[in-house]
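The following exercises concern helix packing, a ligand shell and backbone geometry. Please work through each task before reading its solution.

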Amino acid sequence: MQKVIFDTDPGVDDAMALLFLHHHPDVDLLGVTTVFGNARIETTTRNALFLKREWKIDAPVARGAGETFIPHRISHEPPTFIHGDDGLGNIGVPDVFDVPLDPRPAHRFIVETIRENPGEVTIVAVGRMTNLANALKEDPEIVDLVKEIVVMGGAFEVNGNVTPAAEANIHGDPEAADIVFTAEWPVVIVGLDVTLQTVMTRKALADIRDAAGTRAKLLFDLSQFYIKFYEGRVPDGMVVHDSCACAYVVAPELFETRAGTVRVVCGGIADGMTIQKPDGRTFGPSDWDGLPSQRICTGIDAPAVLQLIHDTI
Ligand code: BDR
Ligand code: CA
């Protein structure tokens with residue numbers, strides 16, 4: 001059983017990833033922590049509470065950062081054209097007053113949960129890295145106590161999706177991501193290099209709806225706006241970014257990885273760009289020296305990952 005904290009900005013593909021973690025038999029979901037990104041923090045937190053209620057998820061929800069690690073650093077508008085005004089495909093998410101929030105801020109929830117389960121907690125981070133950077137700031141010793149950090153974010157050998165250089169989760173808080181990737185804990189980065197290959201067709205989504213009843217009907221409905229965004233961008237269907245990171249946790253054999261030091265460009269026209277110096281390559285002295293080796297995903301068995309998502313949900 002893998003103990004998992006899901007750090008998320010729901011978000012349509014986040015919602016699918018949450019349902020995946022909730023139903024996977026090898027996952028013990030310890031908590032859901034929210035962060036700004038696909039919508040403002042009030043909205044992503046409300047959405048997490050809504051999904052917790054609708055899908056009968058026991059894990060607590062803790063509200064996290066509403067702005068970048070360096071305060072007021074960036075104020076990008078949320079991508080309402082991808083996830084809708086309500087962050088869940090404009091299904092009209094109601095206010096949620098009957099589901100209590102965990103009293104702790106997300107970064108403290110993360111620190112305390114890691115300390116209560118030394119060596120056992122995997123954090124799947126599929127939004128900005130702000131909560132993780134805040135957790136490291138509060139308690140740097142957690143680097144020795146966490147099992148693994150699995151991140152959906154970044155673009156290494158491919159273009160970004162916000163700018164030619166940068167992917168959304170990293171572009172939204174580059175300093176936080178650089179702190180997370182250069183910390184002495186094991187990080188695996190599941191970036192656009194592999195997630196863009198993982199396209200769920202309309203038929204596959206409808207098959208999940210037909211096979212899984214009410215919970216998947218909600219997933220199907222909230223995905224319609226997002227799938228429309230992908231019209232003309234992929235042949236048919238939608239990219240299931242965040243579920244790829246969750247799939248990595250339970251089936252790493254479906255991915256190829258490469259080890260090396262990872263840094264994030266902080267500022268300028270390549271703001272938020274992720275770069276890996278592969279282990280074994282030598283360069284002149286640089287800001288990559290002496291930092292830990294992290295793994296980035298370079299390959300994915302996309303059909304198998306899509307099948308895993310189908311079977312799990
Ligand atoms: C990432 O950005 C968000 O829009 C998605 O939820 C995903 O985590 C993809 O770049
Ligand atoms: Ca996300």
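**Exercise 1. Two helix pairs**

H4 passes H5 in a right-handed crossing. The model is predicted: local features need pLDDT of at least 70 and side-chain atom pairs pLDDT 80 or more, while totals for chains, interfaces and linings use all residues. Residues are numbered from 1 along each chain as its sequence is written, and chains are lettered from A and ligands numbered from 1 in the order in which they are written.

Task: Describe how H4 and H5 pack, and then H1 and H10.

Solution.
1. Helices (H or I, at least four residues) and strands (E, at least two) are DSSP runs, numbered from the N terminus. A crossing is left-handed if the near helix is turned anticlockwise from the far one by less than a right angle, and right-handed if clockwise.
2. The axes of H4 (residues 106-116) and H5 (residues 130-138) come within 8 Å and cross at roughly 60 degrees. Axes are lines fitted to C-alpha atoms, for helices over the stretch in contact, and angles run from 0 to 180 degrees between N-to-C directions.
3. H4 and H5 are therefore oblique to each other. Angles under 35 degrees count as roughly parallel, over 145 as roughly antiparallel, 65 to 115 as roughly perpendicular and the rest as oblique.
4. For H1 and H10 (residues 214-229), the angle is about 160 degrees and the axes are 9 Å apart. H1 is therefore roughly antiparallel to H10, and their crossing is left-handed.
5. In this pair, Val12, Ala15, Met16 and Leu19 of H1 meet Arg215, Leu219, Leu222, Ser223 and Tyr226 of H10; contact requires C-beta atoms, placed from the backbone, within 7 Å.
6. By class, this contact has seven nonpolar, one polar and one charged residues. Ala, Val, Leu, Ile, Met, Phe, Trp, Tyr, Cys and Pro count as nonpolar, Asp, Glu, Lys and Arg as charged, and the others, Gly among them, as polar.

**Exercise 2. The ligand shell and the loops**

Task: Which elements give two or more residues to the shell around ligand 1?

Solution.
1. The residues around ligand 1 include Gly11, Asp13, Asp14, Asn38 and His241; a residue is near if its C-beta atom, placed from the backbone, lies within 6 Å.
2. H1 (12-23), H6 (168-171) and H11 (241-250) are the elements that give two or more residues.
3. The shell has three nonpolar, five polar and four charged residues.
4. Gly11 sits in the loop between strand S1 (2-8) and H1, and the peptide bond from Pro10 to Gly11 is cis, with omega near -10 degrees.

Methods:
Contact = placed C-beta atoms within 7 Å.
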